[in-house]
Amino acid sequence: MSDLTAPRAAVPGAPARALRHCLVMAARCTRLSMRNTDALLTSLILPVMLMLVFVYFFGGAIDTGTRYITYVVPGVLVLCAGYGAAATAVGVAGDMAEGVVDRFRSLDVGGTSVLAGHVAASAARNAAATAVVLAVAFAIGFRPEADAAGWAAAAGLLAAYLLALSWLSAAVGLLAKSTEAASGFTFLVLFLPYPSSAFVPVETMPGWLHGFAGHQPVTPLIESLRGLLLGQPVGGAPWRALAWCAGILAVSVAASGALFRRRTA
Amino acid sequence: MADEPVVEATGLEKSYGRVRVLAGVDLEVARGSVFALLGPNGAGKTTTVRILSTLVRPDAGRARVAGFDTVRDRREVRRRISLTGQYAALDEQQTGEENLRMMGRLCGLTRRRARERAGELLERFDLTGAAGRRAGAYSGGMRRRLDVAAGLVVSPEVVFLDEPTTGFDPRSRQAMWELVAGLAAAGTTVFLTTQYLEEADRLAGRIALLDAGRVVAEGTAADLKRRVAGRRLDLTLTDAAAYGRTADLLGGRAVHREPDRLLLGVPTDGSAARVRALLDEIDPDRDAVARFTVHEATLDDVFLALTGRAATPAAPAHKEPARV
């Protein structure tokens with residue numbers, strides 16, 4: 001029986017198939033992102049708005065020892081990446097609520113490929129959002145002093161954070177019963193940089209918050225970005241940031257695989 | 001090899017929580033045939049299709065589709081089937097053409113071939129004019145056609161259609177019927193579920209009637225009709241004793257039973273000779289039958305007789321007026 005194979009177009013090996021599925025899913029999710037104009041505009045405009053609010057409304061009252069715009073841009077970049085990544089949860093929850101995932105499964109597209117498509121689209125959205133934030137930051141006086149290596153390291157760290165948070169969001173999207181519930185997660189992630197050194201120095205916060213603000217995953221990331229972009233020594237902060245990202249990524253990929261199987265059982 | 005059934009299920013069971021959806025389903029579908037799983041809402045049709053198409057694991061029993069086990073070799077099965085569910089499985093934000101091209105790429109077609117194939121399918125399914133519109137803006141009939149088309153991007157051995165015409169107007173239904181007939185003519189095995197006997201009758205070579213998670217009848221449309229269709233002789237018995245005696249005598253031939261009204265229904269062709277012979281056989285002493293009526297079996301009758309549940313509100317006859 002098994003030698004009577006159906007007239008399928010191509011039956012390549014499993015890794016090649018999975019890669020192809022990932023690429024098709026990435027193209028799909030990117031296209032869907034582009035069509036979702038409201039969400040796209042929000043993800044581009046909100047970080048810029050927040051940056052302007054901080055620089056012009058609050059910045060004058062905050063003493064960081066440097067020009068405030070220099071201090072705050074790394075924080076805004078992280079906030080922007082987090083917010084954009086968290087939107088993955090909404091996309092995944094939307095897919096799960098509709099029949100299209102059954103179609104993909106009946107075409108033998110694995111859960112990992114479906115989720116990877118969302119993560120890839122998240123990366124594309126965020127590259128655009130980050131570029132917009134940086135462009136506006138330059139326009140209003142942000143003058144980093146990083147060399148090429150510094151820029152590359154900063155971009156790499158930001159990409160690692162984005163990847164980890166996008167997968168985490170995908171797992172949250174699988175947990176959420178609706179897109180509304182999933183969008184609650186974006187709010188949570190949007191808030192995460194506030195209790196860190198993103199916008200104000202941690203020492204100015206109440207003592208009971210120091211433990212969290214000084215050690216939460218966003219803090220070493222922001223410290224690293226700030227150091228790298230301004231050409232200052234960063235110490236072990238990038239490694240701590242990477243360790244956080246690797247941990248979040250590992251847990252999220254494993255959890256989302258299990259959750260996908262459970263949701264589709 | 002060619003005689004081996006292309007779909008073969010034995011003892012499929014599935015429960016969701018404490019609700020037993022399938023209570024042991026056995027099915028066999030011959031290659032190249034059209035098979036209809038007929039049943040009311042909640043009978044377990046969709047669950048059966050989801051098990052056969054590898055999306056759900058059965059709690060017990062096993063199924064083979066296109067020669068492969070639906071659990072152990074589900075990847076092989078998935079390469080050989082297509083599934084169109086009750087709810088269209090499409091990206092609403094993508095156009096009809098984009099949806100089809102995406103399916104083609106997922107099936108391993110080259111970019112160019114996927115584009116060509118999308119064009120062919122759009123034309124075949126009369127969607128060329130709507131190719132550039134988002135699927136979300138399609139009418140129900142168009143969406144279902146696109147959904148079926150998406151399942152045919154590469155030629156599957158078995159096409160599963162879960163309630164392909166539920167919620168359709170008569171014109172869309174007619175179009176879908178023609179489409180199924182076209183698939184069958186091309187030699188594709190079609191496994192469809194439906195609530196409408198008329199649809200099963202029109203399309204399927206063999207029909208299985210599913211009720212409360214069990215196959216209660218199976219055969220060609222003619223077989224099933226022979227059991228109930230044509231005319232029905234309804235006998236009103238004189239008393240409970242006569243009812244019991246006659247019911248025992250008739251056994252499975254009594255397709256309709258209403259003990260409260262002392263009523264038994266027996267299929268017949270309605271001719272005077274047959275009715276007389278039946279009455280003589282059932283009541284030789286001429287004291288058991290009080291009255292009789294002969295009437296046309298309706299689709300309701302067919303359904304109710306086979307499921308044996310006369311007063312179930314979920315019976316499809318209540319949703320769609322029966323047409324004889």
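1. A cut-off first, since a later point leans on it: a residue is called buried here if 20 or more other C-beta atoms lie within 10 Å of its own, exposed if 12 or fewer, and partly exposed in between. With 26 C-beta neighbours inside 10 Å, B:Ser53 therefore counts as buried. This residue is found in the loop between α1 (45–52) and β4 (60–65) of chain B. Leaving aside residues up to four places away in sequence, B:Ser53 touches B:Ile81, B:Leu83 and B:Phe160, and also A:Ser106 from the other chain. B:Met102 sits 49 residues from B:Ser53 along the chain, and the two C-alpha atoms are separated by 20 Å.

2. Please keep in mind that this is a predicted model. Its scores are ipTM 0.81 and pTM 0.75. Chain A has a mean pLDDT of 85, with 95% of its residues at 70 or more. For chain B the average is 84, and 88% of the residues score at least 70. Over residues 310–324 of chain B, however, the pLDDT is below 50, although this stretch has 27 contacts in the model beyond near neighbours in sequence. Chain A has a stretch of this kind in residues 1–9, where pLDDT stays under 50 and the model has 15 contacts beyond four places in sequence. Where pLDDT is low, the predicted coordinates should not be read in detail.

3. Now to the overall build of chain A. Its secondary structure comes to 10 helices and 0 strands. The radius of gyration of chain A is 20 Å, which agrees with the value near 18 Å for a compact globule of 265 residues. Along the principal axes, the C-alpha atoms of chain A fill a box of roughly 75 × 35 × 35 Å. Of the 265 residues in chain A, 46% are buried. Among the chain A contacts with a separation of 6 or more, 82% are between residues 24 or more positions apart.

4. Helix α10 of chain A deserves a look of its own. It covers residues 237–263, 27 residues in total, and reaches 38 Å from its first C-alpha to its last, close to the 39 Å expected at 1.5 Å a residue. Which residues of α10(A) are buried? They are A:Ala237, A:Pro238, A:Ala241, A:Trp244 and A:Cys245, followed by A:Ser252, A:Val253, A:Ser256, A:Leu259 and A:Phe260. The buried residues of α10(A) pack against three helices of chain A, namely α5 (111–139), α6 (148–175) and α9 (218–229).

5. In chain B, I would start with strand β3, residues 34–38. The strand is mostly covered, with 5 of its 5 residues buried. B:Val34, B:Ala36 and B:Leu38 point one way from β3(B), while B:Phe35 and B:Leu37 point the other way. That fits the general rule: in a regular strand the side chains alternate between the two faces of the sheet. As for partners, β3(B) pairs in the parallel sense with β8 (residues 189–194) of chain B over 5 bridges, and B:Ala36 has B:Leu192 as its bridge partner in β8(B). A further 4 bridges join β3(B) to β9 (residues 206–211) of chain B, again running parallel. There, the bridge partner of B:Leu38 is B:Leu209.

6. Chain B also has an open sheet of 4 strands in the order β2-β1-β4-β5, with antiparallel pairing. Its edge strands are β2 (19–29) and β5 (68–69), each of which pairs on one side only. Strand β1 (residues 7–16) and β2(B) are antiparallel and share 8 bridges; B:Val7, for instance, has B:Val29 as its bridge partner in β2(B). Helix α1(B) lies across β1, β2 and β4 of chain B, at about 120 degrees to β1(B).

7. Finally, two backbone angles to check. B:Thr54 is not a glycine, yet has a positive phi of about 75 degrees. This residue lies in the loop between α1 and β4 of chain B, and with 24 other C-beta atoms within 10 Å, B:Thr54 is buried. B:Asp126 is not a glycine either, and has a positive phi of about 60 degrees. Its place is the loop between α4 (111–124) and α5 (140–150) of chain B. Is B:Asp126 buried or partly exposed? It is partly exposed, because 13 other C-beta atoms lie within 10 Å.

Note on methods:
Residues numbered from 1 in each chain as written. Chains lettered and ligands numbered in written order. Predicted model: local features only at pLDDT ≥ 70, side-chain atom pairs only at ≥ 80, totals over all residues. Expected span 1.5 Å × (residues − 1). Contact = placed C-beta atoms within 7 Å. Rg over C-alpha atoms; globule rule 2.2 N^0.38 Å. pLDDT = per-residue confidence, 0-100. Pairing = 2+ DSSP bridges. Axes fitted to C-alpha atoms, helices over the stretch in contact; angles between N-to-C directions.
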